[in-house]
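Biologist: Please take a close look at one pocket with me. I would like to hear what lines it, and then how that fits with the rest of the model.

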Amino acid sequence: MAKFTYDLVVIGSGTSGTTVAFEAQAAGLKVAIIEERSWGGTCVLRGCDPKKVLVGAAEARKLSTRLRGKGIKQAATISWTDLMAFKETFVEDVPESRLESFKEAGIETLFGPASFHDPNTIQVADDLLHASKIVIATGATPSTLQVEGQSFIQNSDDFLSLQKLPDSIIFIGGGYISFEFASIAQAAGSEVHIIHHNSEPLKKFDPDFVAALVANMKEEGIHFHFDTDITKITKKGEKLQIQGKNDFSLNTDLIIGATGRKPNVDHLALEKAHIDYTKKGIIVNEKLQTSNHPHIYACGDVAATKGAPLTPVVSMEAAFVAKNVLGSDEKMNYPAIPSVVFTSPKLSSIGISVEEAKANPDKYQIKNHNTTNWYTYKRTNEPIALAKIIEDRKTGQIKGAHFLSEEADYMINYIALLMKANLTLADLQSVIFAYPSPASDLTALN
Ligand SMILES: Cc1cc2nc3c(=O)[nH]c(=O)nc-3n(C[C@H](O)[C@H](O)[C@H](O)COP(=O)(O)OP(=O)(O)OC[C@H]3O[C@@H](n4cnc5c(N)ncnc54)[C@H](O)[C@@H]3O)c2cc1C
């Protein structure tokens, strides 16, 4: 076996692993990074970025549909083949260019599954890499529903590389991936069903807005089957048949499972380094160090941190880990984290929930706004635009916000900025925003 020595070994070349590796290398450490699949990881290859290209086409379809008869003659139609080819232009060069940029920076790259040999040594094929510090940034992969016929279920990776859009698709799961993909597939012309085992999809978002979103998606033609436990999947000729409790049965061309993601810990041989983990991921302390070993860190989707598994969050964790690897001794502190469901309309959320605010009426006040008739939303004939802002009663500072509209992603980002700066909506009276734009509505939410 060949033996090598590094200051830092990073396992995984996704957003988090890449961030740590570059920052440590720039500070002068001798760094190696290991990848077993494709250089670049989930977000750029099979997550946020390719998905958002598809979302763009769905938005064009939906906007042109809404403006039909209002200056637009006919709704745009999506060519799935062209769309996938366009998407591919964002993805195809990533692995090679990421690999190149590691090499150019002087970061050693190894390809293959990495596992622990002992607490200071990582094994990749026949190579043993001894390291003073190790960062586990192996991300997560789609979990598989345990059900008879589960081999017929495909996952988000498959949807994002689907060469032909089938006539009908069933998405299993009530999370954001299911909702976003359903919205895309429906816009592109498929008959779409979402099956969820309870009646509370998108659990982390405002329940009223989720209900309004579901109603809207139903109106668009998406079929929802809540409280439906799947029992069996079989192939019937060309079709797949999905069966559930209480005589539920549905035929379809394609089944995409989006029932959660599991941390990639299986092949790491964590027991050889006595690193503890649960099904939520590798257990870390506030410095993102693993149990028993201050020199081994975990961050990103593989780690059971307090941060949501979202790209900007894992980037922040990775930048934090890089600092600690380089000698800092800080505790991870998360700002308010915005999250968005890129459906049509979009749903977004930050900070505390309305439920939490209602439980503390002396502390918080909730402002409900139905902005559907505001110029911003009428201009593009949006069917619904809602906002809820939660403020601290004493200071007026924003503690939470929830939006449902085509502009919900922009609105939540403005709120994230206000929350970070401890500004109130009243403070915005002295800011001039370009008009007409969604930002110029902010002061009216006060
Ligand atoms: C369909 C989808 C849509 C998403 N949309 C959004 C969005 O809109 N906005 C957002 O913020 N987030 C989104 N996310 C989440 C986001 O992509 C992830 O939070 C983020 O990419 C995680 O980065 P990471 O570095 O922790 O892990 P990853 O990017 O998954 O990187 C981990 C890497 O480690 C490698 N690896 C694993 N095990 C080993 C091993 N033993 N040896 C060597 N290498 C190994 C893997 O191959 C992988 O390349 C989406 C995710 C999905 C799946």
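Modeller: Happy to! Let's start with the second largest pocket, whose lining divides into three nonpolar, four polar and six charged residues. Here Ala, Val, Leu, Ile, Met, Phe, Trp, Tyr, Cys and Pro count as nonpolar, Asp, Glu, Lys and Arg as charged, and the others, Gly among them, as polar. Please keep in mind that this is a predicted model, in which local features need pLDDT of at least 70 and side-chain atom pairs count only at pLDDT 80 or more, while totals for chains, interfaces and linings use all residues. Residues are numbered from 1 along each chain as its sequence is written, and side-chain values use heavy atoms, leaving out hydrogens and water.

The second largest pocket holds about 300 Å³ of space. Its lining has 13 residues, and Lys-62, Thr-65, Arg-66, Gln-186 and Glu-220 lie nearest the centre. A pocket is an open set of points on a 1 Å grid over the protein atoms alone, with protein on both sides within 12 Å along at least five of seven lines; a cavity is a set where a 1.4 Å probe fits but cannot get out, and lining residues have an atom within 4 Å of a point. Points are joined across faces, edges and corners, and a volume is the space filled by probe spheres set on them.

Which elements build this pocket? At least two lining residues each come from α3, α7 and α8 (207–220), and α3 gives the most, with four. Helices (H or I, at least four residues) and strands (E, at least two) are DSSP runs numbered from the N terminus.

Helices α3 and α7 turn up again at the largest cavity, where each supplies at least two lining residues. This cavity has a volume of about 60 Å³, and α3 provides the largest share of its lining, four residues. Lys-62, which we met among the residues nearest the pocket centre, is one of the residues lining the cavity, together with others including Val-55, Glu-59, Ser-183 and Phe-342. By class, this lining has four nonpolar, three polar and three charged residues.

The second largest cavity, with about 50 Å³ of space, has nine nonpolar, two polar and no charged residues in its lining. Among them are Trp-374, Tyr-377, Phe-403 and Leu-445.

The ligand brings α3 (48–66) and α7 (176–188) back once more, as both are among the elements that supply at least two residues of its shell. The largest share of that shell, four residues, comes from α2. In total, 38 residues surround the ligand, with Ser-16, Glu-35, Thr-42, Lys-51 and Thr-311 the closest; a residue is near if one of its heavy atoms lies within 4 Å. By class, the shell has 16 nonpolar, 15 polar and seven charged residues.

Lys-51 has a side-chain N or O atom 2.5 Å from an oxygen atom of the ligand, and a backbone N or O atom of Thr-311 lies 2.9 Å from a ligand oxygen atom. The protein covers 95% of the 1,000 Å² of accessible area that the ligand has on its own, using the Shrake-Rupley method with a 1.4 Å probe.

Definitions and conventions
Polar contact = N/O pair within 3.5 Å; in protein donor to acceptor, adjacent residues only side chain to side chain.
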